[in-house]
Amino acid sequence: MQIDTLRFGNVEVDEAKFLDFEEGVPGLEQYHTYALLQFEESYPLVWLQSTEETGICLPVLDTFSVLPDYVFDIDETDVKRLQLTKPDDLFVVSVVVIPDEISGMTVNLAAPIIINTSSGKAKQIMLSGSEYNVRVPIFQEICKLVAREEGEDDASSVT
């Protein structure tokens with residue numbers, strides 16, 4: 001299916017891979033259907049694009065690929081609501097804020113987006129009592145990941 005986006009123009013997306021945010025995303029509760037758009041040139045960032053509103057597109061990243069030590073518990077109510085029955089169906093992304101000065105990029109670790117890759121159900125959850133913050137600097141960690149992926153030893157060369 002073709003979806004219209006403000007940032008990327010018309011994009012072909014498999015409708016079976018649409019994500020259903022039953023309650024919407026906090027602050028955007030009126031929009032419930034999204035797609036993850038991935039482009040090689042923005043790796044490791046992925047784009048959470050609303051299929052209902054062309055101008056809503058949030059940069060997100062696979063949190064565990066960048067921060068493998070990131071851990072949290074998912075409330076049993078959310079596990080049931082998202083129909084999570086096996087770990088392989090779980091995919092976690094976090095919203096990224098990209099300022100004009102890209103080195104100031106931050107990630108919201110206090111409110112991850114939980115996705116069931118089998119059912120397409122998704123929800124942004126607020127971690128209660130968590131040590132994680134909403135604006136954690138992430139630029140250097142992304143540089144390290146890109147350097148590892150490219151087989152480089154020096155992450156500073158990726159800027």
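This is a short tour of the structure, one selection at a time.

**Start with the whole chain**

Show the full protein as a cartoon. Keep in mind that this is a predicted model. Count the elements as you turn the view: the secondary structure comes to three helices and 11 strands. Follow the chain from its start and the order reads β-β-β-β-β-β-α-α-β-β-β-β-β-α. The radius of gyration is 16 Å, close to the 15 Å that the globule rule gives for 159 residues, so the protein is as compact as a globular protein of that length.

Now switch to the C-alpha trace. Along its principal axes, the trace spans about 40 × 40 × 30 Å.

Add a surface next. The accessible surface comes to about 9100 Å². Carbon and sulfur atoms account for 48% of that surface. Colour by burial if your viewer allows: buried residues make up 45% of the 159 residues.

How much of the contact network joins residues at least 24 apart? Take the contacts between residues at least 6 apart in sequence, and the share is 52%.

**Select the largest pocket**

Pick Lys 17, Phe 18, Leu 19, Ala 35 and Leu 36. Of the 17 residues that line the largest pocket, these lie nearest its centre. The volume of this pocket is about 250 Å³.

Which strand gives the most to the lining of the largest pocket? Select β4 (33–38). Strand β4 supplies four residues, the most of any element. Then add β2 (9–12) and β9 (113–116), each of which supplies at least two residues of the lining.

Colour the lining by class. The pocket shows 11 nonpolar, four polar and two charged residues.

**Select the largest cavity**

Hide the pocket and look for enclosed space. A search of the whole structure finds one cavity of 30 Å³ or more. About 70 Å³ of space lies in the largest cavity.

To see its walls, select Asp 20, Glu 22, Glu 23, Gly 24, Arg 81, Leu 82, Lys 121, Ala 122 and Lys 123. Strand β10 (residues 121–124) gives the most to this lining, with three residues. Colour these walls by class too: two are nonpolar, one is polar and six are charged.

**Stop at Gly 9**

Go back to strand β2, where Gly 9 sits. Is Gly 9 buried or partly exposed? With a relative accessible area of 27%, Gly 9 is partly exposed. Leave out residues up to four places away in sequence, and Gly 9 touches Ile 3 and Asp 4.

Draw a distance line from Gly 9 to Gly 55. The two are 46 residues apart in sequence, and their C-alpha atoms are 11 Å apart in space.

**Check two backbone details**

Zoom to Pro 44, in the loop between β4 and β5 (45–50). Look at the peptide bond leading into this residue. From Tyr 43 to Pro 44 the bond is cis, with omega near 5°.

Move on to Gln 83, in the loop between α2 (76–81) and β7 (90–97). What is phi here? Phi of Gln 83 is near 60°, a positive value in a residue other than glycine. Gln 83 counts as partly exposed, at 44% relative accessibility.

**Go inside: Thr 63**

Select helix α1 (residues 63–66) and pick out Thr 63. Its relative accessible area is 0%, so Thr 63 is buried, the cut-off being under 20%.

Show what surrounds this residue. Beyond residues up to four places away in sequence, Thr 63 touches Tyr 70, Val 92, Val 93, Ser 94 and Leu 109.

**Finish at Ile 138**

Find the loop between β11 (136–137) and α3 (139–150), which holds Ile 138. Buried or exposed? Ile 138 has 1% relative accessibility and so counts as buried.

Now light up its contacts. Outside its neighbours within four places in sequence, Ile 138 is in contact with Leu 61, Val 66, Leu 67, Met 105, Thr 106 and Val 107.

Draw one last line, from Ile 138 to Val 97. These residues are 41 apart along the chain, and 9.6 Å separates their C-alpha atoms.

Key:
Residues are numbered from 1 along each chain as its sequence is written. This is a predicted model: local features need pLDDT of at least 70, side-chain atom pairs count only at pLDDT 80 or more; totals for chains, interfaces and linings use all residues. Side-chain values use heavy atoms; hydrogens and water are left out. On a 1 Å grid over the protein atoms alone, a cavity is a set of points where a 1.4 Å probe fits but cannot get out, and a pocket is an open set with protein on both sides within 12 Å along at least five of seven lines; lining residues have an atom within 4 Å of a point. Grid points are joined across faces, edges and corners, and a volume is the space filled by probe spheres set on the points. Ala, Val, Leu, Ile, Met, Phe, Trp, Tyr, Cys and Pro count as nonpolar, Asp, Glu, Lys and Arg as charged, and the others, Gly among them, as polar. The radius of gyration is taken over C-alpha atoms; the globule rule is 2.2 Å times the number of residues to the power 0.38. Buried means under 20% relative accessible area, exposed over 50%, partly exposed in between (1.4 Å probe, protein chains only). Contact means heavy atoms within 4.5 Å. Accessible areas come from the Shrake-Rupley method with a 1.4 Å probe; for residues, only the protein chains shown count as cover.
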